[in-house]
Amino acid sequence: MSDPDPVLRLLWRHSLPSPEDAAARRGPKQKVTVDDVVDAAIDIADRDGLASLSMRGLGQHLGLGAMTLYTYVATRNDLLVLMVDQVLGRTVLPAHPDELRERLELVARVQYEDCRAHPWLLEVTGVRAWLGPHMADRYEWQLGAVEGIGLDDIEMDQAVTLLASFGAGIARAEQVVRHAERESGMSDAVWWEANHEALGEVMAGREYPLAGRVGTAAGEAYQAASDQRRELDFGLARIVDGLIAHLPDGS
């Protein structure tokens, strides 16, 4: 049988009666807390992206030696787990509206706004971030949106996963556009204006009547290649339509 993951005690450190870690009990008084370490890591990831976050750089930012930092958090993956849970805890989860459609939409919109505010959340993979207290609070809140509407427990889990994943997916698409604009130094609208004639030349002789008509209408409406806010509103409305239609009484 495998040993328990040591990061669990760090995640739930504020609920435990013991000190934050064994090193704190054995060694001299520490200069910063685990919360300070995690908050500093979140600040770096928010400002410079997840790829810029290293244990060495974080230690230097905090005025700690690399080996000292490891007495707080054993690995970078453990740090990522703590970051995800801690940053989600900063969001005040609103009370659920009485109207079902609004409750369902809110699950997706809260996830979208968190990922939009902290794009590095979309890059965290391979860690069990859901084990923390704030993620547990988030899941309980999400399930509260679908409790008592006629879904069984598995369907409740699937429904909130669908809604949250959709919100995160739109935030990811928006982040891709932002990244392209930063890399190219121009907005979508500017790029299309600069390349409109060239596209006409290279595509000469090929007919795309549907794509031409719809693409032109969309481009005029969006003033860009896409509009993530419209995608969120349209897609979320259709998902909620489907979930409501799936309910036993269709309401």
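Start by selecting Arg238 and Asp241 in this predicted model. Their side chains form a salt bridge, and the closest N and O atoms sit 3.2 Å apart. Both residues belong to helix 12, 3 residues apart, or about one turn of the helix. Why does that spacing suit a pair? An α-helix has 3.6 residues a turn, so residues three or four places apart point the same way. Color the two by accessibility and you'll find Arg238 partly exposed at 41%, with Asp241 also partly exposed at 32%. Now add Arg101 to your selection: salt bridges with shared partners tie Arg101, Arg238 and Asp241 into one network.

Stay on helix 12, which covers residues 228–246, and pick Arg229. Its side chain meets that of Glu113 in a salt bridge, 3.6 Å from N to O. This pair links distant parts of the chain, since Glu113 is in helix 7 (residues 100–117), 116 residues away from Arg229. Are these two buried or exposed? Neither quite: Arg229 is partly exposed, with a relative accessible area of 39%, and Glu113 is partly exposed too, at 36%.

Next, slide along helix 7 to Arg116 and show Glu174 with it. Here is another salt bridge, 2.3 Å from N to O. Once again distant parts of the chain are linked: Glu174 lies in helix 9 (residues 153–184), 58 residues from Arg116. Check the accessibility of each partner. Arg116 is partly exposed at 31%, but Glu174 counts as buried because its relative accessibility is 8%, below the 20% cut-off. If you want to keep hunting, the salt bridge count comes to 11.

Time for some unpaired charges. Select Asp137, Glu140, Glu147, Asp152 and Asp153, which form a negative surface patch. Zoom in on Glu140, found in helix 8 (residues 133–144). At 59% relative accessibility, Glu140 counts as exposed.

Now jump to helix 11, residues 209–222. How far should its 14 residues span? At 1.5 Å a residue the answer should be 20 Å, and the end C-alpha atoms are indeed 20 Å apart, so the two agree. Just after this helix, click Gln223, which takes a positive phi of about 55°.

For the last stop, pick Ala189 in helix 10 (residues 188–202). Ala189 is partly exposed, at 32% relative accessibility. Draw a distance from its C-alpha to that of Gly89: the two are 37 Å apart in space and 100 residues apart in sequence.

Note on methods:
Residues are numbered from 1 along each chain as its sequence is written. This is a predicted model: local features need pLDDT of at least 70, side-chain atom pairs count only at pLDDT 80 or more; totals for chains, interfaces and linings use all residues. Side-chain values use heavy atoms; hydrogens and water are left out. Patches are made of residues with over 30% relative accessible area and no salt bridge: like charges are joined within 9 Å, nonpolar side chains (Val, Leu, Ile, Met, Phe, Trp, Tyr) within 5 Å. Accessible areas come from the Shrake-Rupley method with a 1.4 Å probe; for residues, only the protein chains shown count as cover. A salt bridge is a side-chain nitrogen of Lys or Arg within 4 Å of a carboxyl oxygen of Asp or Glu. Lys and Arg count as positive and Asp and Glu as negative; His and the chain ends are not counted. The place of a charge is taken as NZ of Lys, CZ of Arg, CG of Asp or CD of Glu. Helices (H or I, at least four residues) and strands (E, at least two) are DSSP runs, numbered from the N terminus. Buried means under 20% relative accessible area, exposed over 50%, partly exposed in between (1.4 Å probe, protein chains only). The expected span of a helix is 1.5 Å times one less than its number of residues.
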